[in-house]
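User: I should like to go through this model term by term. For each label that is applied, please set the value against its definition.

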Amino acid sequence: MTSEIDVGQRTDTAGNGRAGGRRMSTGRLGDQIFAHSARGSGVVLLAIMAAIAVFLIWRAVPALRANEANFLTEQEWNPNATPPVFGIAQLAFGTLMSSFLALLMATPVAIGIALFISFYAPRRLASGLGYLVDLLAAVPSIVYGLWGLHYFGTKMDDVGRFLNDYFSWIPLFGGDSVGGRSLLTASVILAIMILPIISSITREVFLQVPTANVEAALALGATRWETIRMAVLPFGRSGMISAAMLGLGRALGETIAVAMVLSTASGISIHILKDGGNTIAANIANSFAEAGETGRGALIASGLVLFVITLIVNMGARAIVARRKEFV
């Protein structure tokens with residue numbers, strides 16, 4: 001009887017201690033300050049995004065009212081004309097085409113670099129190689145633009161002619177006007193710019209793979225590639241998607257490098273070797289200094305479209321990652 005009472009008392013005491021411990025952990029002043037600060041930071045971020053959207057809409061509405069063309073389908077961009085005629089179709093096409101081509105080129109290379117540094121390279125080589133790859137992210141956009149304009153564009157002229165001569169049966173490589181200042185050139189430069197972002201994040205995700213998963217696969221007789229395929233890639237799938245979407249967001253908003261490499265041309269064309277093209281960000285950078293009141297409103301309206309595209313891309317990425325929770 002005594003032992004039962006003692007056990008009950010110890011149980012109640014332990015339970016009260018645990019309950020008291022939970023109340024103390026949630027009632028501490030530091031925890032409350034941190035919780036309110038984190039909540040406030042989220043609210044401030046949402047408020048900033050809402051303020052940006054309101055500002056863009058407010059400044060774009062007068063220009064959209066004065067526009068004599070359909071803003072979403074018109075390919076011509078001439079807001080300084082009388083009456084103003086401008087549309088976002090060509091700019092949005094160039095932005096999406098160059099960004100997705102850059103993503104297609106950069107993502108496999110970035111994942112390969114991350115796998116090599118994480119699982120294949122010796123420790124000393126991996127450390128130095130990772131540092132060099134990360135240095136690419138520190139190169140200013142203007143440097144990429146100058147390099148692309150004065151060196152890389154001339155090399156891509158020969159590449160474009162080769163692709164047009166032997167692979168013109170593919171619509172992307174068709175067309176007659178082939179040059180080095182094309183969407184393909186801009187896409188390659190964007191791929192180089194987003195490569196360190198995707199590689200760095202993917203590498204960190206791979207390093208978080210539980211050691212037990214890797215050792216279990218090796219213990220079952222799996223080769224190194226089979227271990228990566230069965231244990232590493234499924235675990236890091238959501239992280240790789242997040243890294244790719246972050247790189248895509250960088251490519252969508254890149255301005256200076258694309259503005260310097262691309263030569264302005266009118267009209268939508270699926271031929272990525274064609275000399276010329278335009279994107280939303282590059283058009284804003286090239287046209288803002290010469291724009292009048294209506295022209296500035298039109299450029300702000302195009303910025304609003306880019307803002308919406310970026311939001312849609314990030315929401316899509318979050319939806320994809322949410323469906324892969326089982327791999328996190």
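The exchange below takes the chain as a whole, then its helices, and then single residues.

User: What kind of model is this, and how are its residues numbered?

Analyst: It is a predicted model, in which local features need pLDDT of at least 70 and side-chain atom pairs count only at pLDDT 80 or more, while totals for chains, interfaces and linings use all residues. Residues are numbered from 1 along each chain as its sequence is written, and side-chain values use heavy atoms, with hydrogens and water left out.

User: How many helices and strands are there in the chain, and in what pattern?

Analyst: The chain has 12 helices and two strands. Helices are DSSP runs of H or I with at least four residues, strands are runs of E with at least two, and both are numbered from the N terminus. Along the sequence the pattern reads α-α-β-β-α-α-α-α-α-α-α-α-α-α.

User: What share of the chain counts as buried, and what makes a residue buried?

Analyst: Buried means under 20% relative accessible area, exposed means over 50%, and partly exposed lies in between (1.4 Å probe, protein chains only). By that rule 41% of the 328 residues are buried. The accessible surface of the chain is about 18300 Å², with 64% of it belonging to carbon and sulfur atoms; these areas come from the Shrake-Rupley method with a 1.4 Å probe.

User: How do you know that the length of α4 agrees with a helix?

Analyst: The expected span is 1.5 Å times one less than the number of residues. For the 13 residues of α4 (residues 123–135) this gives 18 Å, and the end C-alpha atoms are 19 Å apart, so the two agree. Likewise, α3 has 32 residues and reaches 45 Å, close to the 46 Å expected. Helix α8 (residues 224–235), with 12 residues, reaches 16 Å, close to the 16 Å expected.

User: Why are the buried residues of α4 said to line one face?

Analyst: Ala126, Gly130 and Val133 are buried in α4. Seen down the axis of α4, the buried residues fall within an arc of 65 degrees, so they line one face of the helix; the arc is that of the directions from the helix axis to the C-beta atoms. On the other side of α4, Arg124, Ser127, Tyr131 and Leu132 are exposed. The buried residues of α4 pack against α3 (89–120) and α6 (183–207).

User: Where is the kink in α3, and what is meant by its angle?

Analyst: The kink lies at Ala106, shortly before the proline Pro108, and is about 30 degrees. The bend at a residue is the angle between axes fitted to the seven residues ending there and the seven starting there.

User: Why is Phe206 called buried, and what does Phe206 touch?

Analyst: Phe206 lies in helix α6. Its relative accessibility is 1%, and therefore Phe206 counts as buried. Contact means heavy atoms within 4.5 Å. Not counting residues up to four places away in sequence, Phe206 touches Ile111, Ala114, Leu115, Ser118, Phe119, Val232, Leu233 and Met240. Val232 and Leu233 are among the buried residues of α8, and the cover of those buried residues includes α3, α6, α7 (211–219) and α9 (237–253).

User: Is Asn283 buried or exposed, and why?

Analyst: Asn283, in helix α11 (residues 280–287), has 4% relative accessibility and so counts as buried. Leaving aside neighbours within four places in sequence, Asn283 is in contact with Trp77, Leu91, Asn278 and Leu299.

User: Why is Thr154 called partly exposed?

Analyst: Thr154 belongs to helix α5 (residues 141–166). Its relative accessible area is 46%, and Thr154 is therefore partly exposed. The C-alpha atoms of Thr154 and Gly180 are separated by 5.7 Å, although the residues are 26 apart along the chain.

User: What makes the peptide bond from Thr82 to Pro83 cis?

Analyst: The bond from Thr82 to Pro83 has omega near 0 degrees and is cis. Most peptide bonds are trans. Pro83 lies in the loop between β1 (77–78) and β2 (85–86).

User: Which residues does the UniProt annotation "transmembrane region" cover?

Analyst: The unreviewed UniProt entry gives residues 42–61, 100–121, 128–147, 178–198, 251–273 and 298–321. UniProt positions are in the numbering used here, feature names are shortened, and annotations may be inferred rather than shown by experiment. In the model, residues 42–61 are 100% helix and 0% strand, with end C-alpha atoms 29 Å apart. Residues 178–198 are 76% helix and 0% strand, and their end C-alpha atoms are 31 Å apart.
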